[in-house]
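My notebook for today is open, and I'm going to look things up one at a time. Here is what I have in front of me.

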Amino acid sequence: MTRRFVIDISIDVIIFMLAVAGTYVAQLGDRPITAVLVFLSGVIAIAFRSGLLSGLVAAIAASLIYNFFLSEPTFRFGITTADEAVPLLAFNAAALVAAVMVGRLKDSAQRAYVAQSETAFLLAVSDRLQSAVKIEEVEAAIRAIVPREGVSAVEIFLVRGDTYYRPSTGEVDIDQLKPLIETSTDTSSGGAGKSAIVELTGARGSLGIVKFKLVGDPMERADQKNLQSIASMLALAVERCLLLEEVMEARALARTEALKDALLSSVSHDLRTPLTVIRAAAGALNSDEVNLPEAERERLLASILEHCERLDRYTAELLDVGLIESGIQENALEVVDPAEIMHLAINQARSVHSSIRVEREVPREQHFIRANSGMLQQAIYNVIDNAQKFGGEAAAIKVGLTYAGDEAVITVTDHGPGIFGRERASVFTRFYKGSESAKKAGLGLGLFIAKGFVEAFSGTLTVHSPVVNGRGARFEFRLPLIADIEPAVSA
Amino acid sequence: MRILIVDDAPSIIDALRPVLISLGHEIFEAADAKQALDVVGASDLDLVLLDLGLPDADGIELIPAIKQTAEAAVIVISARHLEKDKVRALDEGADDYVDKPFSLNELLARIRVAERRRTELGGRTVTRYVSAGLEIDLTTRVVTLMEEPIHLSPKEFALFELLARHSGQVVTQRQMMIAGWATPRIDGQYLRSYISMLRDKLEVDPSDPELILTEPGVGYRLNADLSPA
């Protein structure tokens, strides 16, 4: 019995007393119809306030009192004449009907209200849970709506092996919650710590448990049902998050698989091709059964040397990728003059591509950046090499350096066919070879390495295309300058 | 022989061409599947050296076409070294395979085996294969090793006959199963036990086989220079 219930009953009794008093006064004033109406009004008021049951009780009590105190003969039950019977019967019938009608109306209104507020609450819970994408967010999402209706806190524990862990805090509970599950079905016994524990059951079985910390009186059955509904929604949210995580993991795995595939096909094709050439050519030069003219022997020998160099280059590139993957250490960086490194890269390109045409633009001023000179030279060379491969025949390659604000900007511009659409995003991808470059030798690593190195120096490498007349591509390095060195150092 | 080299790396063709020409072969080239099919249709080829990693198609898909149109032998040159690719290629009708990077002597040996098989299959039915120390008579079903007759059970003989017909070339497990059991769907364990029984009867040291070689994951190869007699 709650206090509220006692108060409700008391109010009903007071209303009833008032009605009796009013009726008595009216009876004294010799107004029997008014008396009856006042009495009936009391019954209706009680039924309206407290529902069907209270209404019926009030109606019966009223009927007895009416019969005993008010209807002729007063102060005793029973009737003597038909004249006395009619008003009494009429009153009884009216009181009963009024009590039943009003009481039922009141009861269904009350139920509708409860149902509506519950639905609204569950909808709010569901809305909040929708926003949770990660498993550790589920608890925070529900926390915004509780405390409510005797629940002060919600804790979600998920099964992991033999233990329960709480994603929001990472705390692990070694199996000590398990016995609580079995005893949790009836929590109205109150008891230890006052929490209700409900199992979270998803489509794939038990996910874990949710612990509702309770305050105040033990829970009514209806409230428990409410907790069950919340738990079901939590289970849905948790399961959704788990599935999302699985999807992400699968995607990450697919990406690694794709990389492994690319690596495998690169190693098998791009590394085995030069090896095959070297082995076959060397075998031919070394063979007793093959007799080649001197010119052919010279050509095979040259081919062996060329493919040895190619193998060496590929190996270096794969090592560079390994370096990028494992992370470039801060202590590999030094203070370098970008103009000087750019010059070295251009010279390297000239020694590799004898027919290359490069136009150089360097400012007078001198600034410095933090980088590794060898890696930066490699990065710039790779971009020039790429420009030569795909646009070098069309026109001279422009390599320029400018200082803009606190950045050094190195640009490499070619007048080849340009890089369009999806290719523009893909050129920096490992092992990427464009439709044109598929035919050319190379691993498809040059631009990936350039970007990886430059990013290790806190810089960026981007591509813009077309440059002029729908043709050409411009690669742009941006590297942060370091504050100018004090003149005292050079003095 | 008239040999087509299919490879998307021109450097490999450049290295092989002078060698094969110096050995008296006539060389055709193709850099992709489309070119290869054009040459196969236009030239009367004896042998195709087929790289599986072509830019426009999976090389394996070319094998049935090459076999039907040109009736040429096919030696697959594979860079990925994946057993399933080799098995598929052989089951599609390829005669043999070599891995990149191959030794030139190995490739030339395979080419010689293919050449020998083409000449010996030139119309007549072979009833007897002989080599130094080993003889197999297909009509009397007698195998002679070092002039000593070896008794083989019918199934052992069927398996050995297949190896002998393809001596020097690889035979897939599937082909062996069809020869011995008339179905490829038998437990590989049966095949392995028959192979070890054959080795017990024919090898000098069955634990270190020199005659019936295992091609891991692919099949078996009879390492004997059997020629028809």
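**Entry 1: strand 13 and its sheet, chain B**

I started with Tyr129(B) and found that it sits opposite Pro228(B), which belongs to strand 13 of chain B. A reminder to myself: this is a predicted model. Strand 6 (residues 128-131) of chain B pairs with strand 13 of chain B over two bridges, in the antiparallel sense.

Then I looked up the sheet around that pair. It is an open sheet of five strands in chain B, in the order 9-8-7-6-13, and the pairing is antiparallel. Why do strand 9 and strand 13 of chain B each have one side without a neighbour in the sheet? Strand 9 (148-150) and strand 13 (227-228) stand at the edges and each has a single partner strand, so nothing in the sheet flanks the other side.

**Entry 2: strand 12, chain A**

Next I switched to chain A. Strand 12 (residues 473-480) of chain A runs antiparallel to strand 10 (residues 407-414) of chain A, and eight bridges join them. I noted one bridge there: Glu407(A) has Pro480(A) in strand 12 as its partner.

Strand 12 of chain A also pairs with strand 11 (residues 460-464) of chain A, antiparallel again, over five bridges. In that pairing I found Leu461(A) opposite Phe477(A) of strand 12.

**Entry 3: helix 3, chain B**

Back in chain B, I checked which residues of helix 3 (residues 62-70) are buried, and got Leu62(B), Ile63(B), Ile66(B) and Ala70(B). They cover an arc of only 100° around the axis, so they lie on the same side of helix 3 of chain B.

What do these buried residues pack against? I listed helix 2 (33-42), strand 3 (47-51), strand 4 (73-78) and helix 4 (83-91), all of chain B. On the face turned away from the buried side, helix 3 of chain B carries Pro64(B) and Gln68(B), which are exposed. I also jotted down that Glu71(B), just after helix 3 of chain B, takes a positive phi of about 50°.

**Entry 4: two crossing helices, chain B**

Last, I looked at helix 6 (residues 154-165) and helix 8 (residues 188-202) of chain B, whose axes come within 10 Å and cross at roughly 85°. That angle makes helix 6 of chain B roughly perpendicular to helix 8 of chain B.

Where they meet, helix 6 of chain B brings Lys155(B), Glu156(B), Leu159(B) and Phe160(B), while helix 8 of chain B brings Tyr194(B), Met197(B) and Leu198(B). I sorted this contact by class and got five nonpolar, no polar and two charged residues.

Terms used:
Residues are numbered from 1 along each chain as its sequence is written. Chains are lettered from A and ligands numbered from 1 in the order in which they are written. This is a predicted model: local features need pLDDT of at least 70, side-chain atom pairs count only at pLDDT 80 or more; totals for chains, interfaces and linings use all residues. A residue is buried if 20 or more other C-beta atoms lie within 10 Å of its own, exposed if 12 or fewer, and partly exposed in between; C-beta atoms are placed from the backbone. Helices (H or I, at least four residues) and strands (E, at least two) are DSSP runs, numbered from the N terminus. The arc is that of the directions from the helix axis to the C-beta atoms. Two residues are in contact if their C-beta atoms, placed from the backbone, lie within 7 Å. Two strands pair if DSSP finds at least two bridges between them. Axes are lines fitted to C-alpha atoms, for helices over the stretch in contact, and angles run from 0 to 180 degrees between N-to-C directions. Angles under 35 degrees count as roughly parallel, over 145 as roughly antiparallel, 65 to 115 as roughly perpendicular and the rest as oblique. Ala, Val, Leu, Ile, Met, Phe, Trp, Tyr, Cys and Pro count as nonpolar, Asp, Glu, Lys and Arg as charged, and the others, Gly among them, as polar.
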